[in-house]
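Q: Please explain, term by term, how the descriptions of this structure are justified.
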Amino acid sequence: MTLSRKPLKGMRQLYPGERRVEDYIVSGLTRAGRAYGFEEYEGPVLEPLELFLAKSGSELAREQSYNFTDKGGRELILRPELTPSLARMIAAGGELIYPVRWMSVPLCFRYERPQRGRVREFLQFNLDILGAPSPEAELEVILVLNRLMRGFGAVPGQFEIRYSSRKLASAVLARCGLKAESLEAAFAVIDKRDKLPSEKWESWVREIVGDSAYSEAVIRFSRCRSLDAPWLVQLMAGDESLEELREFSRMLDTAGVEAAVFDPGVVRGLDYYTGIVFEVMDTGSENRRALCGGGRYDDLVGLFGGRGVSGVGFGLGILTLKLFLETYDLLPAILSNAPPVELFIAALSQEQRAFVLNLAEKLRNDGLSVETGLGGKNLRSQFTLADKRCIEFIAVVGPREIEEGRVNLKRSGREDLQVQMVDLAEAVRAE
Ligand code: HAM
């Protein structure tokens with residue numbers, strides 16, 4: 001029997017070159033978080049199903065997840081996201097220092113149809129502030145987002161940070177007469193605004209929301225691009241949710257977040273969001289899925305008893321960001337063929353092998369990364385291997401080198417250098 005060479009559909013399998021790209025992205029993300037004092041934490045991969053049924057929404061918890069009953073009869077889920085686990089950790093965390101600023105890069109699992117930007121096993125960068133109820137917390141996490149996007153070389157015009165407010169959307173629709181029980185259905189259709197052709201979406205809204213005045217309100221609000229639109233200001237006179245979002249919009253302007261734009265089409269699919277919500281989108285047509293999504297969730301920690309703690313944060317998909325960086329050619333070329341080590345030591349013949357192994361160990365003790373040829377290959381094959389691996393320095397060791405205690409250090413594209421073996425690590429590092 002021949003086994004299949006393919007992993008399960010949508011599962012994450014990275015060859016070293018792809019893993020290098022992922023490492024580069026993850027370190028850029030955590031660097032941005034660290035600049036604002038965020039610390040890393042971890043949650044469990046396997047969780048009780050009820051944790052996600054409570055507030056993430058049953059579509060995500062039941063249909064779009066890997067859930068099963070274990071041998072002990074417990075209903076479990078491979079986490080589709082991290083936020084509920086974070087909320088539980090906060091509730092059980094005892095004397096935490098507020099506001100908590102935490103970040104994490106969990107592996108998540110969703111049973112979705114694999115497509116561009118959507119897989120079944122994925123890494124997601126999470127960054128959250130807990131215990132800061134003012135919109136300064138939203139501003140802070142958006143500043144991190146902006147910094148990390150800019151840090152990868154992205155410029156406004158390539159991406160947008162689209163924000164809105166669930167509170168405002170609920171208040172607008174309530175003022176238009178929509179009943180509270182129809183709100184979730186209205187949010188669901190608003191969420192699909194850009195996923196369907198315009199006319200099709202409108203007729204769908206009319207079908208789902210019903211009564212023409214309500215559906216026209218949903219359509220009008222979804223298409224509104226300004227928080228100063230006279231109809232909106234007039235409709236929401238005396239309501240604090242509009243003023244709150246306008247104030248937030250001014251804060252973004254003052255902070256110079258050029259990529260931020262108000263977009264009522266952002267409502268977010270997860271049920272726990274309570275206030276300002278946001279997404280990062282590619283402005284081009286190549287990547288249609290959000291790179292990142294987040295918002296305020298003020299009632300999640302309270303589900304675990306004790307005092308409620310407000311939260312705000314985001315999740316950013318490493319894969320979606322990678323696709324974006326590829327689209328705009330923002331991944332450093334060196335990543336595609338970065339050498340795995342700094343130095344290759346070639347033995348002239350098998351007789352020098354023991355010496356070479358010993359020398360390599362000493363250099364590794366000095367902090368250098370070193371590879372040596374395996375399997376008694378001749379010099380030419382060892383050079384070819386080092387060349388294929390793009391290793392910049394090669395030291396050749398033969399009987400004369402051992403006797404004299406120095407080596408010929410080959411440097412790609414430059415002249416060879418005679419170096420004392422004791423100075424080898426320093427010589428490579430100095431280049
Ligand atoms: P989310 O919108 O479900 O939010 O996911 C956030 C991001 O994770 C998405 O924008 C996307 O980049 C990535 N992502 C989601 N599903 C997939 C998938 N199947 N394949 C690849 N990437 C994916 C949350 O998960 C919230 N818990 C975020 C959050 C943190 N809100 C507050 N704090």
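A: A polar contact is a pair of N or O atoms within 3.5 Å; within protein, one must be able to donate a hydrogen and the other to accept it, and residues adjacent in sequence count only if both atoms are side-chain atoms. The model is predicted, so local features need pLDDT of at least 70, side-chain atom pairs count only at pLDDT 80 or more, and totals for chains, interfaces and linings use all residues. Residues are numbered from 1 along each chain as its sequence is written, and side-chain values use heavy atoms, with hydrogens and water left out.

Q: What makes the pair formed by the ligand and Thr320 a polar contact?
A: An oxygen atom of the ligand is 2.9 Å from an N or O atom in the side chain of Thr320, and the limit is 3.5 Å, so the pair qualifies. Taken alone, the ligand exposes 660 Å², of which the protein buries 96% (Shrake-Rupley method, 1.4 Å probe; for residues, only the protein chains shown count as cover).

Q: Why is Asp329 called exposed?
A: Exposed means over 50% relative accessible area, buried under 20%, and partly exposed in between (1.4 Å probe, protein chains only). Asp329 has 67%, and is therefore exposed.

Q: Why is Cys390 called partly exposed?
A: Its relative accessible area is 31%, which lies between 20% and 50%, so Cys390 is partly exposed.

Q: What makes the phi of Asp329 and of Cys390 noteworthy?
A: Most residues other than glycine have a negative phi. Asp329 has a positive phi of about 55°, and Cys390 one of about 60°, although neither is a glycine.
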